[in-house]
Amino acid sequence: QLGGQFQDVVISELKDHTYYAVLRVRQEGELVEIDSRPSDAIAVAVTCDPQLPIYVSEDVLTDVAGGGQ
């Protein structure tokens with residue numbers, strides 16, 4: 001309804017054992033990032049047709065692997 005098109009989801013940050021995500025929407029040629037709970041962003045990604053790509057930032061992967069401590 002806002003005239004945008006879902007682009008993808010990025011799990012963007014891990015802070016104090018909490019994950020953060022953004023849902024990226026292309027609107028009028030501009031990429032807009034909308035803060036979201038990861039669970040909600042993933043739910044949107046898998047219910048879109050076609051499904052949206054889900055990315056995880058390198059910083060999150062490093063923290064999960066134990067390299068960020």
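**Note on the sheet and helix of a predicted model**

1. Strands S2 and S3 run antiparallel and are joined by seven bridges. Within this pairing, Ala 21 has Ser 36 in S3 as its bridge partner. The structure discussed here is a predicted model.

2. The hairpin formed by S2 and S3 has two residues between its strands. Glu 28 in this hairpin adopts a positive phi near 55°.

3. The wider sheet should be considered next. Four strands make up an open sheet, arranged in the order S3-S2-S1-S4, and their pairing is mixed. Strand S3 (30-36) and strand S4 (54-56) each have a single partner strand, so each of these edge strands has one side without a neighbour in the sheet. From one strand to the next, the twist averages 25°. As general background, the strands of a sheet pair through backbone hydrogen bonds, in either a parallel or an antiparallel manner.

4. The parallel part of the sheet involves strand S1 (residues 4-15), which pairs with S4 over three bridges. Here Val 9 lies opposite Ile 54 in S4.

5. The helix may now be related to the sheet. Which residues of helix H1 (residues 38-47) are buried? They are Pro 38, Ala 41 and Ala 45. Viewed down the axis of H1, the buried residues fall within an arc of 65°, and therefore they line one face of the helix. These buried residues pack against S1, strand S2 (18-27), S3 and S4.

Terms used
Residues are numbered from 1 along each chain as its sequence is written. This is a predicted model: local features need pLDDT of at least 70, side-chain atom pairs count only at pLDDT 80 or more; totals for chains, interfaces and linings use all residues. Side-chain values use heavy atoms; hydrogens and water are left out. Two strands pair if DSSP finds at least two bridges between them. Axes are lines fitted to C-alpha atoms, for helices over the stretch in contact, and angles run from 0 to 180 degrees between N-to-C directions. Buried means under 20% relative accessible area, exposed over 50%, partly exposed in between (1.4 Å probe, protein chains only). The arc is that of the directions from the helix axis to the C-beta atoms. Contact means heavy atoms within 4.5 Å.
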